[in-house]
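User: Hello! I am new to this structure and would like a friendly walk through it. Could we take it one question at a time?

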Amino acid sequence: MVSDDAAPERIGELIEVTSHALVAQSVRLHQAPPLGSFVRAAGPSGPVYAVVCEVRTTSLEAGGRPIARGYADVIDEQIYQANPDLELVLRTEFQALCVGYEAADGPRQHLPPQPPPLHYSVYACSPAEVRRFVARLDYLRALLAAGPPLADELTAANLRQAAAAFGAARDEFLVRAGRALALLLHDDYDRLAALLRRLRVEAPA
Amino acid sequence: MTLDLGQLGGQIRALGGHLAGDQDGYQERLAMARALLAATAAADLAAVAEEGAAACPREAPATRVPCPPLPPAYTAMAADGSQIEPDRHAPALWYLLNLGAACIEYGPRPRAELASEPTLYYRREDLYVTVGNREAPLEGNRLELRRHVAEMARLADLAERARARGAPAPVALADGQLLLWNHRIEDFVRDQLTAAFQDALRRCIAAAVPVAGYISRPRATDVLDLLRRLPAHRATCPRCDGAAREQPCTLGGLHDRALFADLAEGERSALFEARGLAGRYPPELRPWFCYLNVGREVARLEILAWAAERADLRARLHAVVVEQCRLGGGYPVVLARAHEQAVVTAGDRRRVNELVRRALAGHGLPDQPSAKQAAKLARAV
């Protein structure tokens with residue numbers, strides 16, 4: 001098992017919420033949670049779980065347009081060293097699809113009755129939280145329905161991220177996830193096979 | 001009814017055609033002005049400056065100074081502001097100043113700080129300038145000057161903090177002139193604001209931070225006005241020698257920035273001391289100015305005399321402003337950042353108005369605008 005010692009890290013603040021998706025601004029520039037990872041948004045009526053589906057870095061000012069700033073040897077990280085103000089005028093934000101919430105009797109794998117409030121914090125889910133949430137895999141149906149071609153990329157990324165929370169029991173989880181996918185995609189072998197390849201799991205014969 | 005753009009089309013095309021044409025031998029007159037500047041000794045120009053001109057040369061008029069080397073580490077600071085004007089049609093009289101500040105340190109330990117600071121003014125002493133029994137409301141031009149004073153005070157705060165933490169090679173930039181200037185304002189108002197403005201400048205000097213005002217696309221004609229006073233010009237210009245008073249001056253309609261448009265990139269012109277209103281400032285607080293090719297345009301830099309007189313500080317300002325313009329795509333990035341912090345949008349204005357209205361209603365005070373403003377808002381048909 002992966003260690004669960006670390007305190008939950010506040011990684012973002014909600015700047016847009018709907019019933020099915022959250023947008024958060026990263027606490028630090030260029031430090032968004034990985035694609036497909038589980039995040040938890042705090043809320044007065046309990047945590048909402050979501051899967052990161054898009055990350056973008058843009059100007060903090062509405063309408064501000066980043067321009068190329070490199071010259072000579074000043075490229076990549078040196079551009080930030082040479083323009084210390086950039087860190088303060090750019091922002092990284094990430095979008096996450098809501099996949100469940102914490103009810104009194106444990107996690108539910110459907111949309112929360114209310115989205116969390118704007119400006120509340122977003123945390124990366126700890127490995128223990130991930131293991132607890134993926135005890136059921138009903139939420140995969142929502143991910144697969146997110147719309148091609150992103151849906152399959154997102155689903156595969158999510159399962160790889162979730163598998164990492166299982167440490168040595170990783171393969172056991174992936175087999176369970178593969179079975180769940182096979183049930184969901186029983187009428188589309190090609191899609192299932194492509195998805196499983198992204199999990200590096202052999203397609204069933 | 002919105003603006004009828006269809007009716008404007010022909011006039012806009014005519015405007016383009018007019019500007020494309022050579023207006024009254026513009027290029028030839030410009031060449032004449034440049035030749036005159038190059039041929040004139042500083043002493044001759046200084047002599048005519050004594051007759052009440054707005055500028056006096058501090059270096060040989062034809063001086064061209066290439067961009068000095070940039071310090072390996074430097075600190076650029078800027079303050080800028082914007083305001084919400086008092087509205088006599090609003091339910092309460094108040095105004096807002098929003099001051100933006102930027103402090104960016106370049107070099108081996110890069111860091112940046114951006115901040116904005118809004119302040120609401122509503123007390124009687126905030127709303128009026130009062131000296132003895134004379135009183136004038138702070139609005140329009142007076143409020144513009146009041147804001148300029150607040151910006152300079154903010155810049156002095158930044159300078160003092162930079163000094164306290166030992167920031168490397170500090171430079172402070174203001175947006176616009178380094179002088180409180182406006183002719184449509186009463187002397188007693190300007191004198192009171194000028195005292196506060198000069199206090200801020202003195203704080204910058206005490207912090208050993210050179211200050212300059214940066215003016216993009218300057219419209220000043222101070223150097224051209226000096227040239228027009230020269231006997232060499234007066235002898236050849238039909239208007240200025242009195243032969244044909246109805247004709248325009250051969251150097252009329254030109255700007256200093258065009259006169260110095262032949263500066264190479266990074267180069268600055270000679271330094272001139274500002275006179276006129278600046279003559280009322282103590283010598284060390286008077287602005288000196290030069291024109292500077294920053295790449296995309298020729299800008300005017302007004303440097304506090306205290307810094308302009310010191311070779312190391314004026315070289316630092318010159319190098320830093322050119323570099324800041326390079327980083328900012330033609331305009332000093334630190335000023336652009338301060339400006340972004342200061343901006344108050346139309347939406348912000350509406351929100352502040354609404355919050356004030358609610359605060360009044362919460363105290364049971366009348367919260368309705370004047371009948372005129374109410375009619376404008378309703379746009380009833």
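Analyst: Here are some questions and answers on the two chains, their contact and their cores. This is a predicted model, in which local features need pLDDT of at least 70 and side-chain atom pairs count only at pLDDT 80 or more, while totals for chains, interfaces and linings use all residues. Residues are numbered from 1 along each chain as its sequence is written, with chains lettered from A and ligands numbered from 1 in the order in which they are written.

User: How many helices and strands are there in chain A?
Analyst: Helices (H or I, at least four residues) and strands (E, at least two) are DSSP runs, numbered from the N terminus. From that end, the elements of chain A run β-β-β-β-α-α-β-β-β-α-α-α-α-α. The count for chain A is 7 helices and 7 strands.

User: What share of the residues in chain B is buried?
Analyst: A residue is buried if 20 or more other C-beta atoms lie within 10 Å of its own, exposed if 12 or fewer, and partly exposed in between, with C-beta atoms placed from the backbone. Chain B has 14 helices and 11 strands, and its C-alpha atoms fill a box of roughly 75 × 60 × 45 Å along the principal axes. Among its 381 residues, the buried share is 40%.

User: Which helix of chain A gives the most to the side that touches chain B?
Analyst: Two residues are in contact if their C-beta atoms, placed from the backbone, lie within 7 Å. By that rule, 9 residues of chain A are in contact with 13 residues of chain B. With 3 residues, the helix that gives the most to the chain A side is H2 (residues 86-89).

User: Which helix of chain B gives the most to the largest nonpolar core?
Analyst: A nonpolar core is a set of buried Ala, Val, Leu, Ile, Met, Phe, Trp, Tyr and Cys residues joined through C-beta atoms within 7 Å. The largest one has 98 residues, and B:Met77 and B:Leu155 are among those with the most contacts inside it. With 9 residues, the helix that gives the most is H5 (residues 140-164) of chain B.

User: How are H5(B) and H6(B) turned relative to each other?
Analyst: Axes are lines fitted to C-alpha atoms, for helices over the stretch in contact, and angles run from 0 to 180 degrees between N-to-C directions. H5(B) packs against helix H6 (residues 187-206) of chain B at an angle of about 15°, with the axes 8 Å apart. Angles under 35 degrees count as roughly parallel, over 145 as roughly antiparallel, 65 to 115 as roughly perpendicular and the rest as oblique. H5(B) and H6(B) are therefore roughly parallel.

User: Which residues of H6(B) does H5(B) meet?
Analyst: On the H5(B) side, the residues involved include B:Leu145, B:Val149 and B:Leu155. Across from H5(B), the residues in H6(B) are B:Val189, B:Arg190, B:Leu193, B:Ala196, B:Phe197, B:Ala200, B:Leu201, B:Arg203 and B:Cys204.

User: Is B:Gln247 buried or exposed?
Analyst: B:Gln247 is found in the loop between helix H8 (231-234) and helix H9 (256-259) of chain B. Leaving out residues up to four places away in sequence, B:Gln247 touches B:Pro238 and B:Arg239. Because 12 other C-beta atoms lie within 10 Å, B:Gln247 is exposed.
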